[in-house]
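Student: Could you pick one single part of this model and look at it closely with me? I'd like to see what surrounds it and then how that fits into the whole.

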Number of protein chains: 2
Amino acid sequence: MTRVLNKELAGHIGETVTIQGWLHKKRLLGGLNFITLRDRSGLAQTKIEDKDELEKLRGLQTGSVLSFTGTVVADERAPGGAELHDVQIEVLVPVEFESPIEIDKPLDHKSENLDTLFENRVVGLRNPRETGIFKIQATIKESVRQYFHSLEFTEFNSPKLLPAATEGGAEVFTLDYFGKEATLAQSAQFYKQMMVGVFERAYEIGPTYRAEPSATTRHMTEYITVDAEMGFIDFQQLLATVGGLLKTVTESVWKTNEADLKTWNAQPVLLPEQIPQLALEEIHELYSKQTGENSRGEKDMRPDEERWITEYAKKNLGSEAVFVVKWPASEMKFYHRKDAENPEFAERADLIFRGLEIATISMREHRYDVLVEQLKTMAGGDPDADGFRYYLSAFKYGLPPHGGFGLGLERLTARLIGLSNVKEASLFPRDINRLNP
Amino acid sequence: MTRVLNKELAGHIGETVTIQGWLHKKRLLGGLNFITLRDRSGLAQTKIEDKDELEKLRGLQTGSVLSFTGTVVADERAPGGAELHDVQIEVLVPVEFESPIEIDKPLDHKSENLDTLFENRVVGLRNPRETGIFKIQATIKESVRQYFHSLEFTEFNSPKLLPAATEGGAEVFTLDYFGKEATLAQSAQFYKQMMVGVFERAYEIGPTYRAEPSATTRHMTEYITVDAEMGFIDFQQLLATVGGLLKTVTESVWKTNEADLKTWNAQPVLLPEQIPQLALEEIHELYSKQTGENSRGEKDMRPDEERWITEYAKKNLGSEAVFVVKWPASEMKFYHRKDAENPEFAERADLIFRGLEIATISMREHRYDVLVEQLKTMAGGDPDADGFRYYLSAFKYGLPPHGGFGLGLERLTARLIGLSNVKEASLFPRDINRLNP
């Protein structure tokens, strides 16, 4: 008999069908026994009354793979509004080991329990609430791509095996590459800029590596970045593109994954037509005045300030996202562009969303001679080194004004759902203490 | 004035518009001067008659970024059927260096010239024929995803930083991970199987690493694999899924990128409803009989045999793709499943497409105890080692019968277009001799 998915049961009331999936939960109440079966589409409730059938399940643990053939009966109390009765059971794969982690109740995500969560990740992910995180993440990726395609971006793949350290600092993984030293890409920065000369608008969703030597709630050693770059635009157009992306993704996730979001008690996102832009020093001033702290003159945002400005913007500007602009040029990377009218500032923005920086955005210096000079004086880089000369050739042979951004996929996922640690939004997180599973 | 794309010119006949892009080609014929401008949408022909305007281009090289404002005139001979006249030129970014590689003529892809091609890749990719390869590749990726989504696969990202070598042999990159040894993923194999327990059907398009110590036309050290895995299926359903994927991608590429395919003289793909399945030994027999070679009894296909069988199948079976089935169980990987009815064979297939193996497909052993046994006896693996025990836990707690495949994105791209080296289908190829650009 052809298999029917759990979510399709309600369309087969009165029919005899076969469903297949994992033993999710047993409730044995003597004469009345309910078995919940999980498949890719969700849960199905089944009622087993026949003792011989029930006997087949003796000793079987959660995760056993079963095939149930029975009659579909409408029942409002069952998930999906239908239940399977008069079930004939076939055991496809018996499981005799008791699950190391609960599969049918919300798992503990308190920070002191995360290590247990990740240690048992392979099985824990089968908990539908956990699965939901990554269904949401899959929607985010798809929505990001659709948005980019609607704007005529071309998707590309940049190499992650690179020659000796380029833009990064010390936090770089190195490896032996047939006797030479190679490094793992800390970003797709140089490649996405090169791609402006080819596609004008290009994006990649790919892995990024940072040998971050501490375990924090916002860092991993391997994570997924949405990298994008576009030519023939100015700073405000760039910010509008990022704002549009956040809005599109938010709407798409709430449309596609509302049920999963609700199991996490996720709150709808408050976003105005235009994401407000606040100058770094303006935020320092507001924060210092209202909290009694003093961040005035600091060249970065404090983590606490990122949380504070979100609350402020939510209350006063009707937005859970803020662009922090007017960053000091003295702190910028060599490939950033200065604001032509206010050269003490770089044309850079951070996107703070629900208390966390989720994207860094900037216009790039596109003039070859200025860029070479900035590389030498600001980064101490050698324009003839392998790590730079190919990159610089893109400028030598003509790049238009351009800008782009990198957005952390796990950070965005975590903030949309309300998870407090980015690792909760990574299937198999990696940090200084964890290289498994 | 708002920018109009080159491809949109024909919709603005008689209007004054601005186009922006790269100086692609100059033809200065005295009074009559044609300048071709390139933007993300293609090429536009412009006619410059005013001497003062022309003077602005003096000394400017290919790649200079220009803004042209002029009147759109219909002209059948121009690309897109329209041309820009009475042009006012604004030089956005002047380029004074002569392009190291030709941008407006087909680049030389002969094997002895590939090193030059890759050395100048950053600029060479701007050649529209080269750009076309990666537009086709972007379509392939999008088409693969749409196909998977239509079958309810969920996209996931697996880590590429792994603990000490697992399934692979010697060809693995290792790196220092905070004092421990880590390796770069040679495949997403273990993770996609784990994902069957979570999503039932899962796929990833991601980078894969192999420390291949030789330079061949079919290997790179970093490449992109389409990895997929599905539960509750049998071998024939799996092969049908792969066949459907190849058919869908082929149709999609020819629909979306026909013009680019034609610049490469790519030929439409001959594929029947069902891709033919030929046993390995049957192919050895046919090949040996017809070529005078002798591959009988060999446990793999010879590269020449892969080419030969494609010609054979094209002529006799109306197919440029072949599934090679009935591989000896003695040669299978420990996670492969034996054919229950013919245990001397593994339930594995290779997909040969236009003379090249582009995918490896197999059913996996899903029974925990059998798998542990196969791991020990066939691979000499320790079930308690980090590289295996998390993987095995997916089986310990229940996985249904499942199978999947890995398909090389660059290989598929190369064979669809007719490129003879997979590196030509990688933006920035990596091999033993090349870690740049």
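Tutor: Happily; here is a close look at one strand, working outward from there. This is a predicted model, in which local features need pLDDT of at least 70 and side-chain atom pairs count only at pLDDT 80 or more, while totals for chains, interfaces and linings use all residues. Residues are numbered from 1 along each chain as its sequence is written, and chains are lettered from A and ligands numbered from 1 in the order in which they are written.

Our part is strand S18 of chain B, residues 402-408. Strands (E, at least two residues) and helices (H or I, at least four) are DSSP runs, numbered from the N terminus. In S18(B), 7 of the 7 residues are buried, so the strand is largely enclosed by the rest of the structure. Buried means 20 or more other C-beta atoms within 10 Å of a residue's own, exposed means 12 or fewer, and partly exposed is in between, with C-beta atoms placed from the backbone. In a regular strand the side chains alternate between the two faces of the sheet. Here B:His402, B:Gly404, B:Gly406 and B:Gly408 point one way, and B:Gly403, B:Phe405 and B:Leu407 point the other.

Now for its partners, where pairing requires at least two DSSP bridges between strands. Strand S11 of chain B (residues 222-231) pairs with S18(B) in the antiparallel sense over 7 bridges. Strand S17 of chain B (residues 356-364) also runs antiparallel to S18(B), joined to it by 6 bridges. B:Leu407 is a handy landmark: it is the bridge partner of B:Val226 and also of B:Ala359.

Stepping back, S18(B) belongs to an open sheet of 8 strands with mixed pairing, in the order S6-S10-S11-S18-S17-S16-S13-S12. The edges are S6 (154-155) and S12 (277-279) of chain B, each pairing on one side only. At the S12 edge, S12(B) and S13(B) (residues 321-325) pair in the parallel sense over 3 bridges, with B:Gln277 standing opposite B:Phe323.

Helix H6 of chain B (residues 235-256) lies across S11, S13, S16 (348-353), S17 and S18 of chain B, at about 150° to S17(B). That angle runs from 0 to 180 degrees between N-to-C directions, using lines fitted to C-alpha atoms, for helices over the stretch in contact. Contact itself means that two C-beta atoms, placed from the backbone, lie within 7 Å.

Beyond this sheet, the largest nonpolar core has 232 residues, and those with the most contacts inside it include B:Val242, B:Val324 and B:Leu351, along with A:Val242, A:Val324 and A:Leu351. Such a core is a set of buried Ala, Val, Leu, Ile, Met, Phe, Trp, Tyr and Cys residues joined through C-beta atoms within 7 Å.

Finally, the two chains meet in a contact that takes 68 residues from chain A and 68 residues from chain B. A rotation of 180° with 0.0 Å of shift along its axis superposes chain A on chain B (RMSD 0.0 Å), which is the relation of a two-fold axis. In chain A, A:Leu175 has the C-alpha nearest the axis, 2.4 Å from it. The fit is by least squares on the C-alpha atoms of residues with pLDDT of at least 70 in both copies. Of the interface residues of chain A, 100% are also interface residues in chain B, so the copies meet through the same surface.
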